[in-house]
Amino acid sequence: MAYNHKVIEHKWQHYWRVNETFKTVENQDKPKYYALDMFPYPSGQGLHVGHPEGYTATDIMSRMKRMQGYKVLHPMGWDAFGLPAEQYAMKTGHNPREFTAQNIKNFKRQIRSLGFSYDWSREVNTTDPAYYKWTQWIFEQLYKKGLAYEKETLVNWAPDLMGGTVVANEEVIDGKTERGGFPVYRKPMKQWILKITAYADRLIDDLDLVDWPDSIKEMQKNWIGRSIGASVLFNVEDMNEQIEVFTTRPDTLFGATYLVISPEHKLVDQITTPESKAAVEEYRSAVATKSDLERTDLNKDKTGVFTGSYAVNPVNGKKVPIWIGDYVLASYGTGAIMAVPAHDQRDYEFAKKFGIDIVPVIEGGDLSQEAYTGDGAHFNSDFLNGMDKQTAIDTMIQWLEEHQAGEKKVNYRLRDWIFSRQRYWGEPIPVIHWEDGETTLVPEDELPLKLPAAKDIRPSGTGESPLANLDDWVNVVDENGRKGRRETNTMPQWAGSSWYFLRYVDPKNSERIADEDLLKEWLPVDLYVGGAEHAVLHLLYARFWHKVLYDLGVVPTKEPFQKLVNQGMILGSNHEKMSKSKGNVVNPDDIVERYGADTLRLYEMFMGPLTESVAWSEDGLNGSRKWIDRVWRLMIDDNNHLRDRITTIDDGKLDRIYHQTVKKVTEDFENMRFNTAISQMMVFVNEAYKVDALPLVYMEGLVKMLSPIIPHVAEELWSLMDHDESITYETWPTYDESKLVEDTVQVILQVNGKVRSKITVDKDMEKDALEKVALSDSKIQQWLQDKDVRKVIVIPNKIVNIVVG
RNA sequence: GCCGCUGUGGCGGAAUUGGCAGACGCGCUGGACUCAAAAUCCAGUUCCUUCACGGGAGUGUGGGUUCGACCCCCACCGGCGGCACCA
């Protein structure tokens, strides 16, 4: 009977479910393997064909590892808080909880239809109070450690997004919200902030401990942006104030001809002279009304205004003017810089525009054109004269420290993490603000602090979240009659996803985040697969929380994810990103219906390397289906029985190719090179079609190797081979090295680097003998006529190159 | 602008401690089977040239190193991703 995907897939999915085939068993005396997918946000759109690519990869690894004797943890869950549900709820008047539950149901149905070997008994859901109890608990630990604090800061205020909300720096792209593209303005507001900067060094340095793509490590390093330099103190003339600047080039201090402080700098008012006041005020208000977009758009044209005051350069006592300019950011370093126009392009542009002195202190470049930022001998620099850059930097830092005029300093581009969101559909921050000014945590034994049910979610209009409308929930009174108000901000979506992989280890634990011994048993995650769009934020936040929990003794490892792999994107057949508007979206449900889950899995693994983006091709998909049919026909006859050709007799014809295949498939799977593993199995099947006798053990081996990729087909073939049990825990095939060696090898004969002949000789033939054979080859002889042999290069078992002239 | 990745037949892609470029698949061509078609099985398929044997060119472009380069080095061009006044 021909292969019928609908019957078979339904049958085995049912079998796995009833038999709890993939239930993780703990405390077994086996090596462990934790294979993790980035859990999805269950959107209303349903699954995308991009999802199953990564899921199939981890599923293959999980299934192979089970067969290799590992205990495997392979879970799935839902990152279910998020903006779309809230937007939908506001629009329709529904509660996001119901809407989200529906979406999860649909996602789960779709994921189940693909036959992944998840242990569904461990499913987690970030919106489940039993889950977010522990998200809130982690927040409380952060608070107790001083890593969560409230601060009035300039936030990214998006008044047009959901009735007004604040978004994180990371969610702002070109001055607009990442979601929706609404304009973002800077507005001071009281926010909860997590002190991720306290972990900046460890977040960079511990990247050395993990097996991640270099590109991702690089992105994280750049995001954190550690720069080592010095702070320098400038006294303000005629005033008992100092301006501290940060510079990575203290060696150019003799070339500092002015200072620039940001418009928001705290000393602006004090140092502005009466004559300059009007101009400064005008400039500041102009800057304040600019959106971030406008501010970055003015990139090329530097603006600024002179304060009227001067500072004293500590190293040479010279007076330098103090300017205000918005090219200096309040949020980086000290919000003030020393400007060295000769050796910094930004300062150069500013100085040119405002006619400020440009004093070179390093030889090189052409100052009539641009600043010189390279290395060179210093001059005009007193005790630094003649030194190169690094020596001068070290010497200057030493001088600054000896004269209490500055010190070595490290700065980070990374800012602290703004953790508040003015939204309903998120974890409530478990904090109460009391009327006497005290702020307390909700006691641990009262967690979870549940999100109140609300029929109608409306913006508060004040910038607060919709929770501010819910008086019953917001207002509290303690046992002494003291009145208080709950924190109305909720947590960002990043919160629940920063630790979910810990909960899978022990998802039902009501006493703690997860049992300590179980965490020791399963951590770290051995393989984490997901899209590169989470290269920075999710992975950085999760690492940060993990390190905090490590310091608290909650988790046993410094890093959460040992190996990380980013799958590429699946593009539309027109090589563009799939999107509704382009009409090139492929729905996995359709593919499963028409071709079956196994075909989809096979195709997505065969279409190219996992890490690359590849365009969808209906023909390619169809080819994968045809190959499954071909494998099926190789073994199964029209009466749905094993073919007679499958026998216990081994005529030896398939020995070599079989053992080669086992070796290559095993190694390729291990390295996640699924496309080449599949191609090797295709070669084996092609060979199998050419011989009369198919040894049963080889066919069983093939089915085992296929089972991680096309598990339903493999289970069915396995049972047709007269096995009663699932193939899941069968032993992975092994190969015999001795079957791979050949007695003879083909050697390439070249003349002047061009292939002219090929010969077959005994393996490991001596160099001299091989050279003789090569020179006497008839084809080679023709090429050597009337020529002098200058040199012969002999690489045994591979090549002989004869150089003639 | 800076950083990272990438460029191989008609298409997806294989092959790198430097040693037969194009595995495998798609598509296409031919053959077998069939009344016929589909499906299937078998064979061929980088380009140019040749009746054929053969020969020549060829891994984005131009140089270089080497007996030998898709692979290493230099310069440039195109594509993708990240960052973007971070001092």
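Start by selecting RNA strand B and everything near it, meaning residues with a heavy atom within 4 Å of the strand. The selection holds 51 residues, and the closest are Thr248, Arg346, Met607, Met682 and Asn801. Of the strand B atoms that come within 4 Å of the protein, 66% belong to sugar and phosphate.

A note before moving on: this is a predicted model, in which local features need pLDDT of at least 70 and side-chain atom pairs count only at pLDDT 80 or more, while totals for chains, interfaces and linings use all residues. Residues are numbered from 1 along each chain as its sequence is written, chains are lettered from A and ligands numbered from 1 in the order in which they are written, and side-chain values use heavy atoms, with hydrogens and water left out.

**Around the RNA**

Colour the surface near strand B by residue type. It divides into 23 nonpolar, 14 polar and 14 charged residues. Here Ala, Val, Leu, Ile, Met, Phe, Trp, Tyr, Cys and Pro count as nonpolar, Asp, Glu, Lys and Arg as charged, and the others, Gly among them, as polar.

Next, show α22 (674–690). This helix gives the largest share of that surface, 7 residues. Other elements that supply at least two residues each include α20 (618–635) and β28 (744–751). Helices (H or I, at least four residues) and strands (E, at least two) are DSSP runs, numbered from the N terminus.

Now pick three polar side chains. Arg633 has an N or O atom 3.0 Å from a sugar or linking oxygen of strand B. Gln746 places a polar atom 3.1 Å from a base nitrogen. Arg756 does so 3.0 Å from a phosphate oxygen.

**Helix α5**

Select residues 129–144. The 16 residues should span 22 Å at 1.5 Å a residue, and the end C-alpha atoms are indeed 22 Å apart. The expected span is 1.5 Å times one less than the number of residues. In α5, 13 of 16 residues are buried, that is, under 20% relative accessible area with a 1.4 Å probe, protein chains only. At its start, a side-chain oxygen of Asp128 comes within 2.9 Å of the backbone nitrogen of Ala130. Gly146 follows the helix, with a positive phi near 75 degrees.

**Strands β13 and β14**

Go to β13 (residues 304–312). It pairs with β14 (residues 319–325) over 6 antiparallel bridges; pairing takes at least two DSSP bridges. Find Gly304 and its partner Gly325. In the hairpin, 6 residues separate the strands, and Gly317 has a positive phi near 70 degrees.

Terms used. Buried < 20%, exposed > 50% of the residue type's maximum accessible area, 1.4 Å probe, protein only. Polar contact = N/O pair within 3.5 Å; in protein donor to acceptor, adjacent residues only side chain to side chain.
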